[in-house]
Amino acid sequence: QVQLVQSGGGLVQPGGSLRVSCTASRQFVGSMGWFRQAPGKEREFVAHISATGRNTIYSDSVKGRFTASRDNAKNTGYLQMNSLEPEDTALYYCAQDPRGPPNSPNYRIWGQGTQVTVSS
């Protein structure tokens with residue numbers, strides 16, 4: 001079974017940028033979803049990118065600020081986050097093998113999660 005290993009994230013001031021990477025343990029096929037979960041809140045959809053990378057969808061809260069991309073030759077997906085706000089603080093997850101709508105957290109394979117903290 002493929003495993004997803006995340007890296008990146010960290011602490012940034014409001015208005016700053018961060019990138020989270022998600023690398024698969026074997027050939028990178030299928031679409032990828034990105035979700036986040038803040039303390040005391042449910043896991044929330046952030047973005048989805050198709051298998052080819054040609055199609056993306058975003059939640060309204062991140063549209064225009066976040067960009068999902070992928071490099072299939074490197075088996076890696078990326079979530080570039082710009083103009084970060086304190087409300088973006090959360091644990092961010094990548095996921096593959098959706099079992100329902102792409103914006104629903106019903107994926108079979110999940111990364112380990114990466115902390116993103118936006119604070120001055």
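**Reading a predicted all-strand model from arginine 43 outward**

Tutor: Arginine 43 has a relative accessible area of 29%, so this residue counts as partly exposed. The model is a predicted one.

Student: Where in the chain is arginine 43 placed?

Tutor: Arginine 43 sits in the loop between β4 and β5, the latter spanning 44–49.

Student: Which residues is arginine 43 in contact with, once its neighbours within four places in sequence are left aside?

Tutor: A contact requires heavy atoms within 4.5 Å. On that basis arginine 43 touches Phe35, Arg36, Gln37, Tyr93 and Trp110. For a separation in space, take serine 83: its C-alpha atom lies 21 Å from that of arginine 43, and the two residues are 40 apart along the chain.

Student: How should a pair of aromatic rings be read, by what distance and what angle?

Tutor: The description uses the distance of the ring centres and the angle of the planes. This structure holds 5 aromatic pairs. In one of them, phenylalanine 35 and tyrosine 107 meet edge-to-face, with 5.4 Å from centre to centre and 75° between the planes.

Student: Which strands does that pair link?

Tutor: Phenylalanine 35 belongs to strand β4 (residues 32–37) and tyrosine 107 to strand β10 (residues 107–110), so the pair joins distant parts of the chain, 72 residues apart.

Student: Are phenylalanine 35 and tyrosine 107 buried or exposed?

Tutor: Both phenylalanine 35 and tyrosine 107 are buried. Another pair, tyrosine 93 with tryptophan 110, is also edge-to-face; here the centres are 6.1 Å apart and the planes make an angle of 85°. Tyrosine 93 is in strand β9 (residues 90–98) and tryptophan 110 in strand β10, so this pair ties together parts that are 17 residues apart in sequence.

Student: How is the accessibility of tyrosine 93 and tryptophan 110 classed?

Tutor: The limit for buried is under 20% relative accessible area. Tyrosine 93, at 11%, is therefore buried. Tryptophan 110, at 24%, is partly exposed.

Student: Which residues do the ring pairs link into a cluster?

Tutor: The cluster consists of Phe35, Phe45, Tyr93, Tyr107 and Trp110. Phe35, Tyr93 and Trp110 are also among the contacts of arginine 43.

Student: Which residues other than glycine have a positive phi?

Tutor: Asparagine 75 is one of them, with phi of about 55°. It lies in the loop between β7 (66–71) and β8 (76–81), and at 19% relative accessibility it counts as buried. Aspartate 97 is another, with phi near 65°. Aspartate 97 is found in strand β9 and, at 26% relative accessibility, is partly exposed.

Student: How many helices and strands does the protein have?

Tutor: There are 0 helices and 11 strands. The radius of gyration is 13 Å, close to the 14 Å that the globule rule gives for 120 residues, so the protein is as compact as a globular protein of that length. Along the principal axes, the C-alpha atoms fill a box of roughly 40 × 25 × 25 Å.

Student: What share of the residues counts as buried, and what share of the contacts is between residues 24 or more positions apart?

Tutor: Of the 120 residues, 43% are buried. Among contacts with a separation of 6 or more, 55% come from residues 24 or more positions apart.

Student: What do the surface and the charges look like?

Tutor: About 6200 Å² is exposed, and carbon and sulfur atoms supply 46% of that area. The protein carries 12 positive and 8 negative side chains, with the centres of the two sets 10 Å apart.

Methods
Residues numbered from 1 in each chain as written. Predicted model: local features only at pLDDT ≥ 70, side-chain atom pairs only at ≥ 80, totals over all residues. Heavy atoms only, no water. Helix = DSSP H or I, 4+ residues; strand = E, 2+ residues; numbered from the N terminus. Rg over C-alpha atoms; globule rule 2.2 N^0.38 Å. Buried < 20%, exposed > 50% of the residue type's maximum accessible area, 1.4 Å probe, protein only. Areas by Shrake-Rupley, 256 points an atom, 1.4 Å probe, with all protein chains shown as cover. Lys, Arg positive; Asp, Glu negative; His and termini not counted. Charge placed at Lys NZ, Arg CZ, Asp CG, Glu CD. Phe/Tyr/Trp six-rings, centres within 6.5 Å; stacked < 30°, edge-to-face > 60°.
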